Structure formats: structure tokens, C-alpha cells
Amino acid sequence: MKKEKIETLVHEGKMLPLMEAFYTIQGEGHHTGTSAYFVRIGGCDVGCHWCDVKESWNAEKHPPTVTEKIVDDVVKYSDTVVVTGGEPLTWDMTLLTQMLKQKDVNIHIETSGAYPFTGIWDWVCLSPKKNKLPTKEAYQKAHELKVIVFNKHDLQFAEEQATQVNNDCLLYLQPEWSMREKMIPIIVDYVMQNPKWKISLQTHKYLRIP
Ligand SMILES: C[S@@+](CC[C@H](N)C(=O)[O-])C[C@H]1O[C@@H](n2cnc3c(N)ncnc32)[C@H](O)[C@@H]1O
Ligand SMILES: Nc1nc2[nH]cc(C(=O)O)c2c(=O)[nH]1
Ligand code: SF4
Ligand SMILES: [Mg+2]
């Protein structure tokens with residue numbers, strides 16, 4: 001297929017730059033411990049210095065994949081999909097989520113919320129980033145707010161972010177992986193002092209699963 005044609009299909013959400021897809025256990029946040037099929041879409045311009053999937057950033061490194069094919073693979077494995085990246089909202093998620101809904105899949109997203117909000121989602125995990133804040137719509141759609149804590153200042157950032165989401169949005173503090181030994185005691189103490197927050201750990205890394 002011609003490059004221009006592929007670009008149009010990606011623009012329309014009929015193809016997406018797929019980095020990887022795998023069946024595993026949700027390691028983070030409210031649904032921790034639950035099996036789900038993960039779809040990791042390439043492309044992200046947010047630039048978190050501690051990002052644990054920097055290989056995802058350059059969309060050109062990930063093959064444009066027909067959205068229908070992505071959906072067919074999801075239903076072979078699970079009734080729940082977690083769409084992540086990269087930043088999935090870099091792309092138009094309308095078609096992907098419509099096709100998944102037609103197959104009765106529970107559709108979750110992991111997002112920074114930094115780009116226009118597209119798609120229909122059963123569960124939105126919003127993980128806001130200081131360098132590119134979420135859109136107003138992303139705050140409104142969030143079911144859980146998951147703030148990554150790399151240093152103490154991130155606790156203040158977390159509080160600011162919590163004022164932007166709905167009252168029923170669940171609030172999580174997740175230690176940045178490389179800083180976990182230093183930050184876990186600080187987060188533990190903070191959650192005991194501020195019980196509206198819960199701790200989220202990257203349990204898949206402790207379990208040594210994808
Ligand atoms: C790789 S991101 C992809 C989805 C989206 N771009 C986002 O940031 O929400 C998936 C989740 O991992 C978190 N994350 C990334 N790197 C991390 C790290 N080093 N330690 C802890 N959490 C991390 C992100 O904040 C996000 O909640
Ligand atoms: N098991 C597992 N759980 C996860 N939750 C969020 C992840 C992500 O990278 O978005 C992730 C991941 O990469 N693996
Ligand atoms: S927004 Fe997500 S994928 Fe993008 S750099 Fe940050 S953690 Fe990585
Ligand atoms: Mg991950």
C-alpha cells in the first residue's frame with residue numbers, strides 16, 4: 001500500500017501503529033490482579049523522563065496494523081482489553097472502541113489525557129503528566145487518577161490534579177519504579193495521613209510478567 005494511503009487510514013483510525021499486544025494480568029490501579037488483553041499502540045510526544053516504554057514513542061517504528069485485526073485478536077483471548085501505549089489518544093480511538101463494543105468487550109484505557117479525547121471507554125485510567133497536562137474532558141472522563149510519584153513534589157502535583165477530576169474518581173499514588181525504595185515509605189506515610197488516596201504498585205514487575 002502507498003505511504004499516503006496508510007497515513008490516511010491511520011488518521012481515520014482504520015489502522016493503528018501497533019507496538020505489541022499480549023494477554024496478561026492488569027498490574028496497576030483499581031483493576032490490579034484482573035486478567036486482560038493489552039494493546040500497546042506506538043506514538044507519544046509527552047516525554048516523561050522516567051517512562052518505562054520509551055521504545056513506544058516513535059510511531060514510525062511500529063507497523064500500521066488493521067484495526068479490525070487488532071479487535072479479532074482481543075476477542076480470542078479476553079473479554080477485557082486495556083488500550084495503552086505510547087499515548088493511545090495520539091490517535092482517533094473512535095473506530096477501535098466501536099468495533100470492540102460490538103463484540104461486547106470491556107474497554108479500558110491507560111492515558112495521560114494530553115490529547116483530544118476520542119473513543120468510548122468503560123474504564124479510564126488517567127495518569128496526568130506535568131509537561132503536558134490533561135484536557136478538561138480527560139479529567140471529566142477519568143474513573144481513576146493515577147499519579148506517578150518520582151519525588152516529594154509529585155504529592156503536591158497529585159493534590160492539584162485531584163481537584164480537577166469528578167468526586168467519585170478513585171485516587172491512586174504509584175511510585176515511579178526506579179525511585180520505589182525511596183518513595184514507598186513516603187507514599188505509605190502520605191496515604192495514612194490522607195486516606196482519600198490509595199497506593200498502586202506496578203505489581204506485574206514484582207510478578208515478573210509482561
Ligand atoms: C507507559 S504509560 C502508557 C499510557 C499513557 N501514555 C500514560 O502515560 O498514561 C502506562 C502507565 O505506566 C505509568 N508509568 C510509566 N513509566 C512508569 C515508571 N517508570 N514508573 C511507574 N509508572 C510508570 C504511566 O504513568 C501510565 O500510568
Ligand atoms: N501487566 C501490566 N499491567 C499494566 N498496567 C498498565 C500498563 C501499561 O503499560 O500501560 C501495564 C503493563 O505494561 N503490564
Ligand atoms: S505519557 Fe505515557 S507513554 Fe508517554 S512518555 Fe509519559 S509515561 Fe511514557
Ligand atoms: Mg507498563
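Ile25 sits in strand E1, which covers residues 15–25. This is a predicted model, so take every value below as computed from it. With 16 other C-beta atoms within 10 Å, Ile25 comes out as partly exposed, because buried would take 20 or more. Setting aside residues up to four places away in sequence, Ile25 touches Gly33, Thr34, Ser35, His204 and Ile209.

Gly27 is found in the loop between E1 and E2. Is Gly27 buried or partly exposed? It counts as buried, because it has 22 C-beta neighbours inside 10 Å. Beyond its neighbours within four places in sequence, Gly27 is in contact with Thr32, Gln202, Thr203, His204 and Lys205. His204 turns up in the contacts of Ile25 and in those of Gly27. Both residues also appear in an unreviewed UniProt entry, which lists Ile25, Gln26, Gly27, Arg40, Thr84 and Pro210 under "binding site".

The unreviewed entry has another "binding site" listing: Trp50, Cys51, Asp52, Gly86, Ser127, Pro128 and Lys129. Let's pick out two of those. Cys51 is placed in the loop between strand E2 (35–41) and strand E3 (64–66), and Lys129 lies in the loop between E6 and helix H4 (136–141). Leaving out neighbours within four places in sequence, Lys129 is in contact with Val46, Cys48, Ser112 and Ala114.

Here is how the residues picked out so far compare on burial:

| Residue | C-beta neighbours within 10 Å | Status |
|---|---|---|
| Ile25 | 16 | partly exposed |
| Gly27 | 22 | buried |
| Cys51 | 16 | partly exposed |
| Lys129 | 19 | partly exposed |

Now for the ligands. Which residues surround ligand 3? They are Cys44, Val46, Gly47, Cys48, Cys51, Val53, Ser56, Gly85, Gly86, Glu87, Ser112 and Lys129. By type, that shell splits into five nonpolar, five polar and two charged residues. Val46, Cys48 and Ser112 belong to this shell, and they are also among the contacts of Lys129. From the UniProt listing, Cys51, Gly86 and Lys129 are part of the surroundings of ligand 3 too.

Ligand 1 has 18 residues around it, with Asp52, Glu87, Glu110, Ser127 and Trp177 the closest. Strand E4 (80–85), strand E5 (106–111) and strand E7 (144–149) are the elements that give two or more residues to this shell. The make-up is six nonpolar, seven polar and five charged. Glu87 is one of the closest residues to ligand 1, and it also helps surround ligand 3. Asp52 and Ser127 are in the UniProt listing and among the closest to ligand 1.

That brings us to E7. Six of its six residues are buried, making E7 mostly covered. In a regular strand, side chains alternate between the two faces of the sheet. For E7, Glu144, Lys146 and Ile148 are on one side, with Leu145, Val147 and Val149 on the other, and both faces are covered.

What does E7 pair with? It runs parallel to strand E6 (residues 123–126) over two bridges, and parallel to strand E8 (residues 170–175) over six bridges. On the E6 side, Cys125 stands opposite Glu144. On the E8 side, Tyr172 is the bridge partner of Lys146. From E7 the chain passes through helix H5 (residues 153–162) to reach E8, in a right-handed β-α-β crossover.

How values were computed. Residues numbered from 1 in each chain as written. Chains lettered and ligands numbered in written order. Predicted model: local features only at pLDDT ≥ 70, side-chain atom pairs only at ≥ 80, totals over all residues. Near = placed C-beta within 6 Å. Helix = DSSP H or I, 4+ residues; strand = E, 2+ residues; numbered from the N terminus. Nonpolar A, V, L, I, M, F, W, Y, C, P; charged D, E, K, R; others polar. Buried ≥ 20, exposed ≤ 12 C-beta atoms within 10 Å, placed from the backbone. Pairing = 2+ DSSP bridges. Right-handed = clockwise from strand over helix to strand, strands pointing away. UniProt positions renumbered as here; feature names shortened; annotations may be inferred. Contact = placed C-beta atoms within 7 Å.
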